[in-house]
Amino acid sequence: MKYAFDERKSAMTLTPQDPDDLWTLYNLVQSGDKLYAKTSRVIKIETDGTRPTEGKRLPMFLGIQVEKTAFRTLSGNLRVTGVIIEAPEKYAVKGSHHTITLSLKRSCTLIKDHWYRHDFELVKRSGQWKTPPIYILAVDDEECSIALLSQNNLDIITDVKGNLPRKREAAKR
């Protein structure tokens with residue numbers, strides 16, 4: 001993971017490089033932190049005093065006060081939900097809820113009230129100890145599973161089920 005720490009602002013800019021870095025971010029971001037990132041949001045445009053019927057998805061740079069996080073292993077991203085604390089004034093979205101989806105190679109800035117030593121160690125360790133993934137094959141009488149073990153995750157690739165003849169059906173073996 002690429003990172004830079006600004007002591008004056010108590011802010012760290014982070015750019016995840018692989019799925020293990022997203023797992024590190026999931027463990028680093030906590031409720032109450034401030035997260036800034038580029039995202040998109042649907043903005044409903046009112047015309048002539050009528051209710052807006054459709055919206056337009058616009059890219060923007062938002063800051064949120066983190067409420068919860070969710071790591072999605074299948075899609076390979078981290079979703080961070082919170083209340084918008086900083087946004088472009090012309091869209092008037094401050095105070096609304098928004099979910100920022102963090103993915104690989106997209107940087108974000110995390111601000112904490114207090115950074116602990118283990119927070120820095122977690123980020124530093126994220127980029128240092130990369131181990132190659134390990135494929136696991138588990139075989140039983142009636143089924144077989146293939147999985148991929150990475151540093152922080154176990155992904156089951158496939159499950160194969162088969163039928164073996166029973167004890168009295170020896171001729172079919």
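**Exercise 1. Contacts of Leu 102**

Task: Leave aside neighbours within four places in sequence, and list the residues in contact with Leu 102.

Solution:
- Start with the rule: contact means heavy atoms within 4.5 Å.
- Apply the rule to Leu 102: the residues in contact are Leu 22, Leu 25, Leu 35, Ala 37, Asn 77, Leu 78, Val 80 and Cys 108.
- Know your model: it is predicted, so local features need pLDDT of at least 70 and side-chain atom pairs count only at pLDDT 80 or more, while totals for chains, interfaces and linings use all residues. Residues are numbered from 1 along each chain as its sequence is written, and side-chain values use heavy atoms, with hydrogens and water left out.

**Exercise 2. The largest nonpolar core**

Task: How many residues does the largest nonpolar core have, and which have the most contacts inside it?

Solution:
- Fix the term: a nonpolar core is a set of buried Ala, Val, Leu, Ile, Met, Phe, Trp, Tyr and Cys residues, joined through side-chain atoms within 4.5 Å.
- Fix "buried" too: under 20% relative accessible area, with exposed over 50% and partly exposed in between (1.4 Å probe, protein chains only).
- Count: the largest core has 28 residues.
- Look inside: Leu 14, Leu 25, Leu 35, Val 80 and Leu 102 have the most contacts there.
- Find the suppliers: at least two core residues come from each of strand S2 (11-15), helix H1 (19-28), strands S3 (34-44), S4 (55-72), S5 (77-86), S6 (97-102) and S7 (108-111), and helix H2 (117-128).
- Read those labels as DSSP runs, numbered from the N terminus: helices are H or I with at least four residues, strands E with at least two.
- Pick the top supplier: S4 gives the most, with six residues.

**Exercise 3. Two residues of strand S5**

Task: Describe the surroundings of Val 80 and Thr 81.

Solution:
- Place Val 80: it is in strand S5.
- Check burial: Val 80 counts as buried because its relative accessibility is 0%.
- List its contacts beyond four places in sequence: Val 29, Leu 35, Ile 64, Val 66, Lys 68, Thr 69, His 98, Thr 99, Ile 100 and Leu 102.
- Take one pair: Val 80 and Thr 99 are 19 residues apart in sequence, and their C-alpha atoms are 5.4 Å apart in space.
- Move to Thr 81, also in S5.
- At 16% relative accessibility, Thr 81 counts as buried.
- Beyond four places in sequence, Thr 81 touches Ile 64, Gln 65, Val 66, Glu 67, Lys 68, His 98 and Thr 99.

**Exercise 4. Helix H1**

Task: Which residues of H1 are buried?

Solution:
- The buried ones are Asp 20, Asp 21, Leu 22, Thr 24, Leu 25 and Leu 28.
- Go to the start of H1: a side-chain oxygen of Asp 18 comes to within 3.1 Å of the backbone nitrogen of Asp 20.
- Now take Thr 24, a residue of H1. Its relative accessibility is 6%, so Thr 24 counts as buried.
- Residues up to four places away in sequence aside, Thr 24 touches Met 1, Leu 122 and Ser 126.

**Exercise 5. Positive phi**

Task: Where do Ala 92 and Lys 105 lie, and what is phi in Ala 92 and in Lys 105?

Solution:
- Recall the background: most residues other than glycine have a negative phi.
- Ala 92 lies in the loop between S5 and S6. Its phi is positive, about 50 degrees.
- Lys 105 lies in the loop between S6 and S7. Its phi is also positive, near 65 degrees.
- Check accessibility: Ala 92 is exposed, with a relative accessible area of 67%. Lys 105 is exposed as well, at 56%.

Definitions and conventions. A polar contact is a pair of N or O atoms within 3.5 Å; within protein, one must be able to donate a hydrogen and the other to accept it, and residues adjacent in sequence count only if both atoms are side-chain atoms.
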